[in-house]
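Me: I have a model open and would like to work through some of its local features. Please reason briefly and finish each reply on the item asked for.

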Amino acid sequence: MDVDSAAVIRALGALAQEHRLAAFRLLVQAGEEGLPAGVIADKLGMVSSSMSFHLAALTHAGLVRQRRQSRLIIYTADYAAMNGLMGYLTENCCGGLPCTDHGLCCAPEADGAAAG
């Protein structure tokens, strides 16, 4: 995924829908093996045709890849795109300084000072 504002807007737009967000999260959990659309639909309680529509939107946004395996189309999360999106969203979270190794530099203080 090219990390430019147009790609980020496409990705966020695709994820801004309940079923697509759930499908993407499921694919992230599935790992590199991925899942066929029918299995994703079953796990999310959807009909396959609706799931295919949502997977197409995620694919168009560059967040999901697909490959043919025999007569099935297997969908996988594009981890590089996901990491690029996360990096784009958090690149200035530490005032432009590199984040610490634990990646929690932007987390609220443990003492609750940021709580309202």
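Me: Which residues of α3 are exposed on the side away from its buried residues?
Reply: This is a predicted model. The buried residues of α3, which spans residues 37-44, are A37, I40 and A41. Viewed down the helix axis, these fall within an arc of 100 degrees, so they line one face of α3. On the other side of α3, the exposed residues are D42 and K43.

Me: What covers the buried residues of α3?
Reply: The residues to be covered are A37, I40 and A41. Their cover includes two helices, α2 (18-30) and α4 (48-60), and also β1 (35-36) and β3 (72-77).

Me: Which residue just after α3 takes a positive phi?
Reply: Helix α3 covers residues 37-44. Just after α3, a positive phi of about 70 degrees is taken by G45.

Me: Which side chains meet in the salt bridge, and how many residues apart in sequence are the parts that the pair ties together?
Reply: The structure holds one salt bridge. It joins the side chains of R65 and D78, at 2.7 Å from N to O. R65 lies in strand β2 (residues 64-69) and D78 in the loop between β3 and α5 (79-90), so the pair ties together parts whose separation in sequence is 13 residues.

Me: Is D78 buried or exposed?
Reply: The cut-off for buried is under 20% relative accessible area. Its salt-bridge partner, R65, has 52% relative accessibility and so counts as exposed. D78 has 7% relative accessibility, so D78 counts as buried.

Technical notes. Residues numbered from 1 in each chain as written. Predicted model: local features only at pLDDT ≥ 70, side-chain atom pairs only at ≥ 80, totals over all residues. Heavy atoms only, no water. Buried < 20%, exposed > 50% of the residue type's maximum accessible area, 1.4 Å probe, protein only. Helix = DSSP H or I, 4+ residues; strand = E, 2+ residues; numbered from the N terminus. Arc of directions from axis to C-beta. Contact = heavy atoms within 4.5 Å. Salt bridge = Lys/Arg side-chain N within 4 Å of Asp/Glu carboxyl O.
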